[in-house]
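Work through these exercises with the sequence and the model side by side. Try each task before you read its solution.

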Amino acid sequence: MRCDTLWITCRLATLDPALPGLGLVEDGVIAARDGVIIYAGSADDAPAFEAEQTIDCEGRWITPGLIDPHTHLVFAGDRAHEFELRLAGASYEEIARAGGGIVSTMQATRAASEDDLVQAALPRLDALIAEGVTTVEIKSGYGLSLDDELKSLRAARALAGIRRVGVSTTFLGAHALPPEYRDDKDGYIALVCETMIPAIAARALADAVDGFCEGIGFSPEQMRRVFEAARTHGLPVKLHAEQLSNLHGAALAAEFDALSADHLEHLDETGIAAMAKSGTVATLLPGAYYFTREHTAPPIAALREAGVPMALATDCNPGTSPLTSPLLVMNMAATLFRMTVEECIAGVTREAARALGVLNTCGTLEAGKACDLAIWDVERPAELVYRMGFNPLHARVWRGQ
């Protein structure tokens, strides 16, 4: 059988759901043709391959390329001053109500050109790529006007043409209230639903629609309007839910068969049951939990018992999670949330792909999926979760290259 590249003498964490745990295969082989895996499994069961290139991995571990399913990579400016305020005792809500927070980043983003946004995002994207990320979700939400949201989404899409990485874009117009709508939340939501979503859908700039359902964000009733507009235009939804309080956003998201509900520190049993029924993924963001010094952790045991898939993400953003390390995210999830090694690695591969609706094309090492690989200098997969401040990536492969 012909293939372009053959990786031999490797150990595989396939994440194949048909196999137990991480789907481990000793003495593994991966073969790819035209950027797609045509075989991933035991060398003993592999067909005879005629390869243009054979790479001896010398016993290294291979996982699927990592996936970051929740980022805000495209923005201008920074919020280091707000970090200082938070250290002095100010809360996230106090900073936001005083004109800081998301609106502060909005002002810098509106002032930036599309190229400025691309150039500012590249170092953040490069940091993710350096730790084995092959697919990344990028949200808008710092423009909060039609032109600036379009600009942000174009910048996010442009990154995929500059770096060898898959980019999934999400429209997050319902992120915060811009100053021109200071006293008119419903009016701004009408703009999102009646103007922004149709324009973005017509330009095919977003793969999904998101929102911030919170007391300092938008109500469940307002988010319902956004979700209905997204559905009208054929776009799947996801939601920032239950981060600071329980507004039952996760149950609302599940009602619309959302790809994911994210954060979830204050998620209750009703929300868990709704997510389990709909298949909505719980995307957990330990970086934000750590950075904002939260004390209520997501209900991991209850999510696990209910069979809700759990993804992990950096939530890279300037205000509450200036983090670009999926490896550190896994360690945080294990130490702060008590997730297992298997859950953490699945959370940045298979379940992250599920949270983006791309599990049919990536997230596991299976024939027919994109040949996106991370090759690691580790003795056992647990090292990827155990170590901090250390990057054992040996090689990253995207679409077979």
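**Exercise 1. Place Arg-293 and Leu-144, and compare their surroundings.**

Step 1. Arg-293 sits in the loop that joins helix H10 (286-291) to helix H11 (300-306). Helices (H or I, at least four residues) and strands (E, at least two) are DSSP runs, numbered from the N terminus. The model is predicted: local features need pLDDT of at least 70, side-chain atom pairs count only at pLDDT 80 or more, and totals for chains, interfaces and linings use all residues. Residues are numbered from 1 along each chain as its sequence is written, and side-chain values use heavy atoms, leaving out hydrogens and water.

Step 2. Arg-293 is not a glycine, yet its phi is positive, about 55°. Most residues other than glycine have a negative phi.

Step 3. Arg-293 counts as exposed because its relative accessibility is 57%. The cut-offs are under 20% relative accessible area for buried, over 50% for exposed, and partly exposed in between (1.4 Å probe, protein chains only).

Step 4. Now take Leu-144, in the loop between S7 and H5. Its phi is also positive, near 60°. Leu-144 is buried, because its relative accessible area is 0%.

**Exercise 2. Describe helix H5 and what covers it.**

Step 1. H5 spans residues 146-162, 17 residues in total. From first C-alpha to last it reaches 25 Å, close to the 24 Å expected at 1.5 Å a residue. The expected span is 1.5 Å times one less than the number of residues.

Step 2. List buried residues. Among them are Leu-150, Leu-153, Ala-156 and Leu-159. An α-helix has 3.6 residues a turn, so residues three or four places apart point the same way.

Step 3. Find the cover. It includes helix H3 (102-111), helix H4 (114-129), strand S7 (133-139), strand S8 (166-174) and helix H6 (185-202). Contact means heavy atoms within 4.5 Å.

**Exercise 3. Search for disulfides, then explain the result for Cys-371.**

Step 1. The whole structure holds zero disulfides. A disulfide here is a pair of cysteine sulfur atoms within 2.5 Å.

Step 2. Check Cys-362. Its nearest cysteine sulfur belongs to Cys-371, 12 Å away.

Step 3. Why does Cys-371 have no bond? The closest cysteine sulfur, in Cys-3, is 10.0 Å from its own, so it is too far for a bond.

Step 4. Cys-362 is buried at 6% relative accessibility, and Cys-371 is buried at 0%.

**Exercise 4. Describe the two cavities.**

Step 1. Count them: there are two cavities of 30 Å³ or more. On a 1 Å grid over the protein atoms alone, a cavity is a set of points where a 1.4 Å probe fits but cannot get out; lining residues have an atom within 4 Å of a point. Grid points are joined across faces, edges and corners, and a volume is the space filled by probe spheres set on the points.

Step 2. The largest cavity has about 130 Å³ of space. It is lined by 14 residues, and Tyr-92, Ile-102, His-175, Asn-317 and Thr-320 are the closest to its centre.

Step 3. The second largest cavity has about 40 Å³. Its lining includes Cys-362, Pro-64, Thr-134 and Asp-372.

**Exercise 5. Locate Ser-321 and list its contacts.**

Step 1. Ser-321 is in the loop between strand S13 (310-312) and helix H12 (326-337).

Step 2. Ser-321 is buried, at 1% relative accessibility.

Step 3. Leaving out residues up to four places away in sequence, Ser-321 touches Gly-287, Ala-288, Phe-291, Thr-314, Asp-315 and Cys-316.

Note on methods. 1 Å grid on protein atoms, 1.4 Å probe; cavity = no way out; pocket = protein on both sides within 12 Å on 5 of 7 lines; lining within 4 Å.
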